[in-house]
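Me: Could you take a close look at the largest cavity in this structure, covering its volume and the residues that line it? Please give the cut-offs behind each term as you go.

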Amino acid sequence: MNELNIDILERESKVVLPENLVFGKIYTDHVFEMDYDPEFGGWHNATIKNFSKVELHPAAISLHYGQSIFEGLKAYKQIDGRIALFRPEKNIERLNRSAKRMCMPEVDSNFVLNSLLELIKLERDWIPTRPGHSLYIRPIMFATEPLLGVRASETYKLIIMLSPVGPYYPEGFKPVPILVTDKYVRAVRKGMGEAKTAGNYAAGMLAQKEAKKEGYSQVLWLDGIEQKYIEEVGAMNIFIRFKDEVVTPALSGSILPGITRMSVIQLLKDWNYNINERLVSIHEVLEAYENKKLVEIFGTGTAAVISSISKLKFNEKLLMFDEVKPGELGMKLYEELTGIQYGKKEDKHGWMTYLD
Ligand SMILES: Cc1ncc(COP(=O)(O)O)c(C=O)c1O
């Protein structure tokens, strides 16, 4: 039976948050950790402890063969002072699906969720209260067994670390330019694209770097076989609003099933939009733009919630949208989702998990 141990030193002084919170640069002073080893009955050693570096053998399988998965979610201090997490059970479900795909052990979802809530209780002073700020939660699981032979590791570690973050767009919700690439692919069907695993992000870095050089903030990936169908943006799912339909690419196996995506689909259904998950080719989007049937495009993800797209470039074609004002539906979804997350709007679907 895996039990949660608390093994911490008293905090020496009050938590003081810096003025400017750069994403993912600051960590709270405690983490949750547990280890997996079949010889100890699987997951064991579950502990909330002081933040410390990890000792890893240089032959650890995660470093060589990429058995490493992670998650990303947020805790919010709501306007009435309550602390709430957005759909954390969905992130743990996805962690388990990623684990299965990468031949890694699954976790007991309730145990991990309760341990996470205990960690956040301890770290509640680290949750920023300023508008648009939150506490980013990063669980990571990686293989620890030292072995140069290629096979799945026998041992693993799960760590949950926390990082206070500011708003994704400090200067306000601003449309972003996106570059569509057919020079590289991120993932292929039946590959590991739908898993939140380290290698998928490594696969995207060169394209991302080249897009940045051209002045684009992220890459829009096309399918790995024909480079024809739209998949997703670097760290966001994508929605295309045509005049009479809102479309998001169907989950083909090579796209990360975003929790914001799932929530946006639900909201659009609640609002009676004609929302469809289907294959959508880049050519359909280009044609709709030329025929004035394309209204707006936006991305969805935990970090920015909604990102309106200001322009989309695909080879010599350039699709221009409003570069200053976000699209109308993107804005409405942003207001609704952040309203629910910060406790300003009714949580009709019971998406928030409260700390106490
Ligand atoms: C590749 C990728 N796609 C989509 C998303 C959006 O997923 P979510 O809404 O769960 O944050 C993310 C971010 O986690 C991502 O890394």
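**The largest cavity**

Reply: The largest cavity has a volume of about 80 Å³, where a cavity is a set of points, on a 1 Å grid over the protein atoms alone, at which a 1.4 Å probe fits but cannot get out, and the volume is the space filled by probe spheres set on those points, joined across faces, edges and corners. The model is predicted, so to speak of local features a pLDDT of at least 70 is needed, and side-chain atom pairs count only at pLDDT 80 or more, whereas totals for chains, interfaces and linings use all residues. Residues are numbered from 1 along each chain as its sequence is written, and side-chain values use heavy atoms, with hydrogens and water left out.

Searching the whole structure gives three cavities of 30 Å³ or more. Around the largest one, the lining (residues with an atom within 4 Å of a point) consists of Leu-73, Lys-74, Tyr-76, Phe-86, Asn-91, Ile-259, Thr-260, Gly-301, Thr-302, Val-305 and Gln-341. At least two of these lining residues come from each of strand E5 (73–77) and helix H5 (259–270), with helices of at least four residues and strands of at least two taken as DSSP runs numbered from the N terminus. Strand E5 contributes the most to this lining, namely three residues.

In chemical character, the lining of the largest cavity divides into five nonpolar residues, five polar ones and one charged, given that Ala, Val, Leu, Ile, Met, Phe, Trp, Tyr, Cys and Pro count as nonpolar, Asp, Glu, Lys and Arg as charged, and the others, Gly among them, as polar.

Technical notes:
On a 1 Å grid over the protein atoms alone, a cavity is a set of points where a 1.4 Å probe fits but cannot get out, and a pocket is an open set with protein on both sides within 12 Å along at least five of seven lines; lining residues have an atom within 4 Å of a point.
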